[in-house]
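Here is a short briefing on one protein model. Please look over the fold first, then the contacts listed by topic.

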Amino acid sequence: MAQVLNRVKPSDIELKDKLVAVNRVTKVTKGGRNFTFSAIIVVGDEHGIVGHGLGKAKEITEAITKGIEDAKKNLIKVPILKGTVPHTQKGKFGGAEVLLKPASEGTGVIAGGAMRAVLESVGIHNVLAKSQGSSNPHNVVKATMDALSRMRDAVAVAKQRGISVDKVFHG
């Protein structure tokens, strides 16, 4: 529900891609083993826009290319406040749960592998993150995207409640 509100079109945005995970999948047939690859890719402009994608192909390079194309179709805008997230937020997808907490300047990105890729791509420089539950990269990336899509800045909160930005903090 929240993701539809902050979708972004990939036109004229300089996106950088990060490979999160590559998986070799084997299908055993009568004629032998067939190998294919699946790649999870995260793309972002490091200024609040991020997306994730999955590509599958018989070769790694093709899978990565397909993943990048898929990721460009799933871009969302994330509010960033002074290089960190605006507030503490949990995200869930499947068996994966993630917790994102704002951190002071100089903390760095304290996060695991799949979460780190998403947070660096979106342009967050200081954050405390904890992955709880499943460590499956697919689900961790999607849970992190879920948490980021639920982030709201003070202006969005004020608009939703129909009050001024000052009243959000001094309610």
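The protein chain has six helices and eight strands. Helices (H or I, at least four residues) and strands (E, at least two) are DSSP runs, numbered from the N terminus. The model is predicted: local features need pLDDT of at least 70, side-chain atom pairs count only at pLDDT 80 or more, and totals for chains, interfaces and linings use all residues. Residues are numbered from 1 along each chain as its sequence is written, and side-chain values use heavy atoms, with hydrogens and water left out.

**Overall layout**

- Read from the N terminus, the elements follow the order α-β-β-β-α-β-β-β-β-α-β-α-α-α.
- The C-alpha trace spans about 70 × 35 × 30 Å along its principal axes.
- The protein chain has 171 residues, and 39% of them count as buried.
- Buried means under 20% relative accessible area, exposed means over 50%, and partly exposed lies in between (1.4 Å probe, protein chains only).

**Helix packing**

- Two packed helices are described by the angle between their axes and the distance between the axes.
- Helix α3 (residues 113-122) packs against helix α4 (residues 137-149) at an angle of about 40°, and their axes are 8 Å apart.
- Axes here are lines fitted to C-alpha atoms, for helices over the stretch in contact, and angles run from 0 to 180 degrees between N-to-C directions.
- α3 and α4 are therefore oblique to each other.
- Angles under 35 degrees count as roughly parallel, over 145 as roughly antiparallel, 65 to 115 as roughly perpendicular, and the rest as oblique.
- The α3 and α4 crossing is right-handed (the near helix is turned clockwise from the far one by less than a right angle; anticlockwise would be left-handed).

**Salt bridges**

- Side chains of opposite charge can pair when their charged atoms come close.
- The structure holds four salt bridges, each a side-chain nitrogen of Lys or Arg within 4 Å of a carboxyl oxygen of Asp or Glu.
- One of them joins Glu46 to Lys16, with the closest N and O atoms 3.4 Å apart.
- Glu46 sits in the loop between β2 (32-44) and β3 (49-57) and Lys16 in strand β1, so the pair ties together parts 30 residues apart in sequence.
- Glu46 is partly exposed at 31% relative accessible area, and Lys16 is partly exposed at 47%.
- Lys18 and Glu120 also meet in a salt bridge, at 3.0 Å from N to O.
- This pair links distant parts of the chain: Lys18 is in strand β1 and Glu120 in helix α3, 102 residues apart.
- Glu120 pairs with Arg116 as well, with the closest N and O atoms 3.5 Å apart.
- Arg116 and Glu120 both lie in helix α3, four residues apart, or about one turn of the helix.
- Lys18, Arg116 and Glu120 are thus linked in a network of salt bridges.
- In this network, Lys18 is partly exposed at 26% relative accessibility, Glu120 at 28% and Arg116 at 32%.

**Surface patch**

- Leu19, Val22 and Ile60 form a nonpolar surface patch with about 230 Å² of accessible area together.
- Accessible areas come from the Shrake-Rupley method with a 1.4 Å probe; for residues, only the protein chains shown count as cover.
- Patches are made of residues with over 30% relative accessible area and no salt bridge; like charges are joined within 9 Å and nonpolar side chains (Val, Leu, Ile, Met, Phe, Trp, Tyr) within 5 Å.
- Leu19 belongs to strand β1 (residues 16-29) and is partly exposed, with a relative accessible area of 45%.
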